[in-house]
Amino acid sequence: MRIEKIVMDHLRMPLKSAFETSFGRSINRDCLLLRVYDDGLEGIGECAADWDPGYSSETVGTSWVILEQFILPIVLGVDFNMPQDLQKQLASIRGHRMAKAALEMALWDLYGKQMQMPLKELLGGVKDRVDVGVSVGIQNTTPELVETVSKFLEDGYQRIKLKIKPARDIEDVKAVRFTFPKIRLQVDANSAYTLADTERLLPLDELNLLLIEQPLDEEDLWDHHKIQKLFHTPICLDESILSVQHARQALEMQSCRVINIKAGRVGGLTEAKKIHDLCLGQSIPVWCGGMLETGVGRVSNLALASLPGFTLPGDISATDRYYDEDITNERFILNSDSTIDVQKGIGLGITLNQKAVKKYSLRELVFPN
Ligand code: OSB
Ligand code: MG
């Protein structure tokens, strides 16, 4: 593979409904779309960074700058045997994992098209459909939350994740648990707590949750160890795991018993697979997180989640949970058993709706120009 040209768009996608977490409320999902070209073939990638640094220190703006000023100049005209070679090429650039992951995704798509193989096969996936759930944002009131959950259950989602934050936690989660005593339920705090809050969170341990995701700050690996010791419910890390080293150290420290894997957060599918392999070797369950991706990122998540160690349902919901109109011609639908099919086409297996890309693009860069 030799990248001759790259086109980068900043997209602003209107969400079907506002999504509120402990770090904020969004009505749009901003992202970057990358298209790389080699000899008539196109590879497509999506950058998971959002408009603001609420979830991660990376944003659409920082990703744009790091791609334009540093990453794209390094990779232009370089020969890659495999997408796995990218990280070595970019070793001189610290951090900025979401920006790097976007380019890696585009290389995986290109590589799949050259090899005539679907991403699932390239990664070593074993499933044709993957278990999925839905991540439910914080609602205005507790009754509204119960109502929203009930609608998603009617849609067929068999696993519900509730976003929580201080003062919108125990009461909300209890209400959902008491209304639906048997559902698979988990919570995600997105780093909203400190060790001082732990005592107050203990009632969560009585609600038969699958896991409690990222209660403390990204950097609090050791404090997560302390909180895990107090809870029977598995602690799951999301924000804290930026690499396979972090995963190994978190497991050695017993800071969690489950890991949420997002390719964007860890710098790409190659690193995501390394974390999967490490966890599989230690019988640590993993699941595929989501970041409200368009169809581009969604199809990549589905392929990743088809690896054998992804034993818990992913945050990979159907297209209509997020967007009325998507930028891919393919839409993803929920099967009756709360699964979504893994794409079978070569590479990512998707095509872009060019009209939609134009409609949602705020700015475009053609490199070199
Ligand atoms: O913490 O998992 C998270 C969305 C954006 C950023 C972070 C997170 C999320 C979600 C939504 O929970 C998952 C999805 O449905 O894509
Ligand atoms: Mg999370």
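Below is a chat about the sheets and helices of this predicted model.

Visitor: Hi! Which strands make up the sheet with parallel pairing, and in what order?

Guide: Good place to start. The model is a predicted one, and in it 7 strands form an open sheet with parallel pairing, in the order β5-β6-β7-β8-β9-β10-β11.

Visitor: And which are the edge strands there?

Guide: Those are β5 and β11, the latter covering 286–288. Each of them pairs on one side only.

Visitor: Let's look at β6. How many of its residues are buried?

Guide: In β6, residues 159–163, 5 of the 5 residues are buried, so the strand is mostly covered.

Visitor: Which residues point which way?

Guide: Arg159, Lys161 and Lys163 point one way from β6, while Ile160 and Leu162 point the other way. All of these are buried, the arginine and the two lysines included.

Visitor: Why the alternation?

Guide: Side chains in a regular strand alternate between the two faces of the sheet.

Visitor: What joins β6 to β5?

Guide: Strand β5, residues 134–136, is joined to β6 by 3 bridges, and the two run parallel. Valine 134 stands opposite isoleucine 160 of β6. To get from β5 to β6, the chain crosses through helix α5, residues 142–155, in a right-handed β-α-β crossover.

Visitor: How many bridges on the β7 side?

Guide: There, β6 pairs with β7, residues 184–188, over 5 bridges in the parallel sense. Lysine 161 is found opposite glutamine 186 of β7. Helix α6, residues 170–179, completes a right-handed β-α-β unit with β6 and β7.

Visitor: What about α5 and α6, at what angle do they pack?

Guide: They pack at about 45 degrees, and their axes are 9 Å apart. That angle makes α5 and α6 oblique to each other, because oblique takes in angles that are neither under 35 degrees, nor 65 to 115, nor over 145. The crossing in which α5 passes α6 is right-handed.

Visitor: Which residues meet there?

Guide: On the α5 side you have Thr142, Leu145, Val146 and Val149. They meet Glu171, Asp172, Ala175, Val176 and Thr179 of α6.

Visitor: And where does α5 lie on the sheet?

Guide: Helix α5 lies across β5 and β6, and runs at about 155 degrees to β6.

Visitor: Moving along the sheet, how many bridges pair β8 with β9?

Guide: Strand β8, residues 212–213, pairs with β9, residues 235–237, over 2 bridges in the parallel sense. Isoleucine 212 has isoleucine 235 of β9 as its bridge partner.

Visitor: Then β10. Which way do its residues point, and are they buried or exposed?

Guide: In β10, residues 258–261, Val258 and Asn260 point one way and Ile259 and Ile261 the other, and all are buried. The chain reaches β10 from β9 through helix α9, residues 244–252, by a right-handed β-α-β crossover.

Visitor: What are the partners of β10?

Guide: β9 pairs with β10 in the parallel sense over 2 bridges, and cysteine 236 has valine 258 of β10 as its bridge partner. On to β11: β10 pairs with β11 over 3 bridges, also parallel. There, asparagine 260 has tryptophan 287 of β11 as its bridge partner.

Visitor: Switching topic: where does leucine 304 sit?

Guide: Leucine 304 belongs to helix α12, residues 295–305. Its relative accessibility is 0%, so leucine 304 counts as buried.

Visitor: What does leucine 304 touch?

Guide: Leaving out residues up to four places away in sequence, leucine 304 touches Leu123, Ile261, Ala263, Leu269, Ala272, Cys288 and Phe310. Ile261 is one of the buried residues of β10 we just went through. Also, the C-alpha atoms of leucine 304 and leucine 119 are separated by 8.4 Å, with these positions 185 residues apart along the chain.

Visitor: Last one: what is the order of the sheet with antiparallel pairing?

Guide: That open sheet has 4 strands, ordered β3-β2-β1-β13. β3 (41–47) and β13 (361–367) are at the edges with a single partner strand each, so one side of each has no neighbour in the sheet. From one strand to the next the twist averages 25 degrees.

Visitor: And how many bridges between β2 and β3?

Guide: Strand β2, residues 24–38, pairs with β3 over 7 bridges in the antiparallel sense. Leucine 32 stands opposite cysteine 47 of β3.

Technical notes: Residues numbered from 1 in each chain as written. Chains lettered and ligands numbered in written order. Predicted model: local features only at pLDDT ≥ 70, side-chain atom pairs only at ≥ 80, totals over all residues. Heavy atoms only, no water. Buried < 20%, exposed > 50% of the residue type's maximum accessible area, 1.4 Å probe, protein only. Pairing = 2+ DSSP bridges. Right-handed = clockwise from strand over helix to strand, strands pointing away. Axes fitted to C-alpha atoms, helices over the stretch in contact; angles between N-to-C directions. Left-handed = near helix turned anticlockwise from the far one by under 90°. Contact = heavy atoms within 4.5 Å.
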